[in-house]
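The exercises below concern a predicted model of a protein with a bound ligand. Work through each task with the sequence and the structure at hand before reading its solution.

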Amino acid sequence: MRGRIAGTGSYVPERVLTNAELERMVATSDTWIFERTGIRERRIAAPGETCSDLGTRAAERALEAAGVAAADLDLILVATCTGDAPLPSTACLIQQRLGAVRAAACDLSAACCGFVYALGVGDAFVKTGSRHVLVIGAEVMSMLMDWTDRGTCILFGDGAGAVVLSPSEGERGILSSHLHSDGNLWDLICVPGGGSRIPPSEKMLAEGLQYMKMKGNETFKVAVKTLEEVAREALSANQLAVEDLDLYVPHQANLRIITAVAERLGLPMEKVVLNMDRYGNTSAASIPLALDEAVRGGRVKAGSLVMIEAFGSGLTWASAVIRW
Ligand code: UT7
């Protein structure tokens with residue numbers, strides 16, 4: 001039996017950071033940011049508000065929507081690159097908060113692609129006998145921002161989304177996952193310091209190596225190419241035409257990337273879910289957050305055919321096709 005998304009949930013911090021505020025922090029403008037990215041504002045976690053705080057709220061809503069008790073979860077996967085701490089996993093902290101006493105719990109690191117990867121892994125567990133799997137994408141991207149670097153700090157935001165996967169008896173569920181990576185492109189997006197290569201030190205902090213560095217323009221081009229490829233791969237594996245899709249929920253990195261991919265695929269923008277204007281790029285949280293809004297907004301119905309896809313640091317790219 002394949003995994004079916006039985007419920008979705010999301011949560012974003014209250015604090016809104018607008019483009020107008022960023023204009024006062026770096027040499028940028030609301031016009032530049034909106035025209036080049038589609039972003040108007042993003043959410044920022046309050047001081048002390050952690051990745052597990054956001055993830056727990058999203059998970060509670062997904063469990064409620066699915067009608068599944070936390071105690072019945074077999075596995076919790078948290079896709080994140082901004083967990084509460086290096087140890088323990090954020091998944092274990094969320095497990096404790098939910099009271100998911102039977103669940104195995106671990107984090108998965110695939111940056112902005114993390115949720116699509118975790119969904120594929122969760123589905124494999126359902127296929128091999130797990131009953132309920134909680135898949136969360138949760139990020140506090142603001143902790144990785146150099147607020148003097150206009151090339152990155154305008155793009156990212158904080159948030160969380162979650163889904164509950166349960167076994168599906170019929171045609172509904174995750175029809176395919178296609179996951180890819182190319183480590184040759186590791187330096188397009190990276191956080192150089194804070195790990196075993198450059199451990200935390202005063203020098204590391206002084207050089208700002210704890211912050212994200214990105215080659216934005218190169219990433220943009222690779223993203224458009226790989227997203228088109230992995231969408232076509234998914235359609236062909238399922239013997240589907242692009243017209244068969246009811247909804248396309250892409251990683252909310254940049255409106256121009258999404259428009260370019262949709263154009264290349266021949267997918268009308270009415271079928272595309274967009275929310276980066278309000279949240280920016282929330283990395284692994286972006287797809288489950290958009291998916292939850294689409295479900296609660298009535299854009300996804302039983303039987304809808306939904307494609308999700310993402311790209312991110314690694315470099316990683318991935319897609320999944322879901323019959324709702
Ligand atoms: O989840 C994966 C995460 N990564 C991404 O999604 C990154 C994908 N890349 C992008 O979204 C775009 O490349 C950016 C939005 C980051 C940049 O847009 P771009 O159209 O690729 O701009 P660019 O880097 O080619 O820069 C064009 C100009 C440059 O000025 P000059 O050299 O032409 O004078 C930049 O210095 O825009 C300038 N610029 C800015 N100007 C105002 C770069 N950032 C800003 C800014 N405000 N925030």
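**Exercise 1.** Determine how many residues surround the ligand, and which are the closest.

*Solution.* Taking a residue to be near the ligand if one of its heavy atoms lies within 4 Å of it, one finds that 24 residues surround the ligand, and that the closest are T28, R36, N217, H251 and N254. Sorting the residues of this shell by character then gives twelve nonpolar, nine polar and three charged.

**Exercise 2.** Examine the side chains of T28, R36 and N217, and state which kind of ligand atom each one approaches and at what distance.

*Solution.* Begin with T28, where a polar side-chain atom lies 2.7 Å from a nitrogen atom of the ligand. For R36, the partner is an oxygen atom of the ligand, which is 2.7 Å from an N or O atom in the side chain. N217 likewise places a polar side-chain atom 2.8 Å from a ligand oxygen atom. As a last step, consider the ligand surface as a whole: on its own the ligand has 950 Å² of accessible area, and the protein covers 72% of that area.

**Exercise 3.** Locate the ligand with respect to pockets, helices and domains, and explain why it lies between two domains.

*Solution.* First, the pocket in which the ligand sits is the second largest. Next, tracing the shell along the chain shows that helix 2 (30-37), helix 7 (216-237) and helix 8 (255-265) each supply at least two of its residues, and that the largest share, four residues, comes from helix 7. Finally, because domain 1 (2-170) and domain 2 (175-323) both give residues to the shell, the ligand lies between them.

**Exercise 4.** Inspect the backbone at P88, L315 and A111, and place each residue in its loop.

*Solution.* Start from the general expectation that most residues other than glycine have a negative phi, and that most peptide bonds are trans. The bond joining L87 and P88 is cis, with omega about -10°, and P88 lies in the loop between strand 4 (75-79) and helix 4 (90-98). A cis peptide bond also leads from G314 to L315, with omega near -5°; here the loop that holds L315 runs between strand 12 (305-312) and strand 13 (316-323). At A111 the feature concerns phi, which is positive at about 50° although the residue is not a glycine. A111 belongs to the loop between strand 5 (104-108) and helix 5 (114-127).

Definitions and conventions:
Residues are numbered from 1 along each chain as its sequence is written. This is a predicted model: local features need pLDDT of at least 70, side-chain atom pairs count only at pLDDT 80 or more; totals for chains, interfaces and linings use all residues. Side-chain values use heavy atoms; hydrogens and water are left out. A polar contact is a pair of N or O atoms within 3.5 Å; within protein, one must be able to donate a hydrogen and the other to accept it, and residues adjacent in sequence count only if both atoms are side-chain atoms. Accessible areas come from the Shrake-Rupley method with a 1.4 Å probe; for residues, only the protein chains shown count as cover. On a 1 Å grid over the protein atoms alone, a cavity is a set of points where a 1.4 Å probe fits but cannot get out, and a pocket is an open set with protein on both sides within 12 Å along at least five of seven lines; lining residues have an atom within 4 Å of a point. A molecule sits in a cavity or pocket if more than half of its atoms lie within 2 Å of its grid points. Ala, Val, Leu, Ile, Met, Phe, Trp, Tyr, Cys and Pro count as nonpolar, Asp, Glu, Lys and Arg as charged, and the others, Gly among them, as polar. Domain bounds come from an automatic or database domain assignment.
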